[in-house]
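Biologist: Before I take any of the labels on this thing at face value, can we go through where they come from?
Modeller: Sure, pull it up and ask away.

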There are 2 protein chains.
Amino acid sequence: MTEEASPPPLDSAELGAYFALIEVSSLLRHAVEQQLRDVGDLSYVQFQILATLGDAADGSRRMTELADGVVYSRSGLTYQVGLLEKAGLVARSPSAEDDRGVTVTITEMGREVLARVFPGHIDVLRQLFLEPLARADIDSLARVLTVVRDHMRSIPPRSAKPRQKSAVRRSITGGGA
Amino acid sequence: MTEEASPPPLDSAELGAYFALIEVSSLLRHAVEQQLRDVGDLSYVQFQILATLGDAADGSRRMTELADGVVYSRSGLTYQVGLLEKAGLVARSPSAEDDRGVTVTITEMGREVLARVFPGHIDVLRQLFLEPLARADIDSLARVLTVVRDHMRSIPPRSAKPRQKSAVRRSITGGGA
DNA sequence: ACACCATGCTTCGAATTCGAAGCACTTCGG
DNA sequence: CCGAAGTGCTTCGAATTCGAAGCATGGTGT
């Protein structure tokens, strides 16, 4: 262990890009969250779910696809989709080809809510995020971040988590906090 | 009722920049969170707090400064600082000039933990975030995101309560290491 | 000096989050 | 065809989160 001699430190631009990325996304998320709450009584995740579904060709996705799309835990998604279903904004149905799968579909009401919150959402984005940027900056940002996103998607073994059976279960769960 | 005529829709680059920003920061945060958990038994927020304190000239900050710095609720910060204090990584003391203020200071042990997790932290950043980017991309990203961050900071995003006191805002990206 | 509001932090309650475990079904190997 | 392993989702428990309310101190006006 501890073969970590000491990775070369990050330079100013690298650190700056990282910290600014985190802070900008945090602030943006908070602002957007507030707007969504006000206008449509939606959490950010719920909006993401609806937006993803609304964007799908037939308005539906499988649970796992959704979870990956919004970078969320499976259980958390179950919870939120449950809320959305109770509110009548999405519908759940057993997947056609795979009986253990669940297909989530956006309802008319879901589309209405989406349509209602979208304008304000865009306003917030413009005011907080896009306003101070030049056309070229936005293009550049989109290009670079897309490269990073594609890279990240390909790196982490998202669902490559080997599942241990109880027979060989080991208590490597680091004795709690 | 509202003046929402119908905001001009966002174009492809604008949407791309926004979605990619959100997804990249989410994925990055998840990955970093896992690394921190493994190596130092820290949550992301706790790391941010320690890093901010470690970056401060005298290793200490007021609660409110910290909360703003990490984009966090006051109550949430109280909770996390409480945990860090219990773990012996920070110390709380009444503020010198202001008796209602609380000054949080990083301890030696806190610095040690910080030093222990930092290398791995940087590794993750390199592998997931910086790896696919050219030098110019990183510079560009840092520049553009910094512009956005400064812009967002200047807008009243939180409560419309301007608490203009002698609170000096310092950059997180300062002395470092 | 005293009332009175602003500010700094903590406490409180409710909602959300995640990972682990559990259940249901599908696929693979013999 | 049967059993084992893999995959998809939900349930469960514990930890974290936020906003609102509460407490204590500072600052201001008269």
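Modeller: Let's start with B:V71, which sits in the loop between α3 (63-70) and α4 of chain B. Keep in mind that this is a predicted model.

Biologist: Why is B:V71 called buried?

Modeller: Buried means under 20% relative accessible area. B:V71 has 6% relative accessibility, so the label fits.

Biologist: And what makes the phi of B:V71 worth pointing out?

Modeller: Phi there is near 55°, a positive value, and the residue is something other than glycine. In chain A, A:V71 also has phi near 55°. A:V71 belongs to the loop between α3 and α4 of chain A.

Biologist: Is A:V71 buried or exposed?

Modeller: Buried: its relative accessible area is 7%, and the cut-off is under 20%.

Biologist: How do you know that chains A and B are related by a two-fold axis?

Modeller: Rotating by 180° with 0.0 Å of shift along the axis superposes chain A on chain B, with an RMSD of 0.1 Å. That is the relation of a two-fold axis.

Biologist: What makes you say the copies meet through the same surface?

Modeller: Of the interface residues of chain A, 95% are also interface residues in chain B, so the copies use the same surface.

Biologist: Which residues show contact between the chains?

Modeller: Take B:H151, in helix α6 (residues 135-154) of chain B. Leaving aside neighbours within four places in sequence, B:H151 is in contact with A:Q127, A:L128, A:E131 and A:P132. Contact here needs heavy atoms within 4.5 Å.

Biologist: Why is B:H151 called buried?

Modeller: Because its relative accessible area is 13%, and anything under 20% gets that label.

Modeller: B:V32 is another one, in helix α1 (residues 12-40) of chain B. At 1% relative accessibility, B:V32 counts as buried too. Beyond its neighbours within four places in sequence, B:V32 is in contact with A:Y18, B:Y44, B:H121, B:V124 and B:L125.

Biologist: How far apart are the C-alpha atoms of B:V32 and B:G120?

Modeller: They are separated by 8.9 Å, although the two residues are 88 apart along the chain.

Biologist: On to the DNA. What makes a residue count as near DNA strand D?

Modeller: One of its heavy atoms has to lie within 4 Å of the strand. There are 22 residues around DNA strand D, and A:T64, A:R100, B:Y72, B:Y79 and B:Q80 come nearest. Sugar and phosphate make up 67% of the strand's atoms that come within 4 Å of the protein.

Biologist: How do you know that B:S73 and B:Y79 make polar contacts with DNA strand D?

Modeller: The cut-off is a pair of N or O atoms within 3.5 Å. A polar side-chain atom of B:S73 is 2.7 Å from a phosphate oxygen of the strand, and for B:Y79 the distance is 2.5 Å. Both values fall within the cut-off, so both pairs count.

Biologist: What about B:D99?

Modeller: There a polar backbone atom of B:D99 lies 3.4 Å from a phosphate oxygen of DNA strand D, so that pair is within 3.5 Å as well.

Biologist: Which helix gives the most to the surface near DNA strand D?

Modeller: α4(B), with five residues. As for the makeup of that surface, its residues divide into six nonpolar, eight polar and eight charged.

Methods. Residues numbered from 1 in each chain as written. Chains lettered and ligands numbered in written order. Predicted model: local features only at pLDDT ≥ 70, side-chain atom pairs only at ≥ 80, totals over all residues. Heavy atoms only, no water. Polar contact = N/O pair within 3.5 Å; in protein donor to acceptor, adjacent residues only side chain to side chain. Helix = DSSP H or I, 4+ residues; strand = E, 2+ residues; numbered from the N terminus. Nonpolar A, V, L, I, M, F, W, Y, C, P; charged D, E, K, R; others polar. Buried < 20%, exposed > 50% of the residue type's maximum accessible area, 1.4 Å probe, protein only. Least-squares fit on C-alpha atoms with pLDDT ≥ 70 in both.
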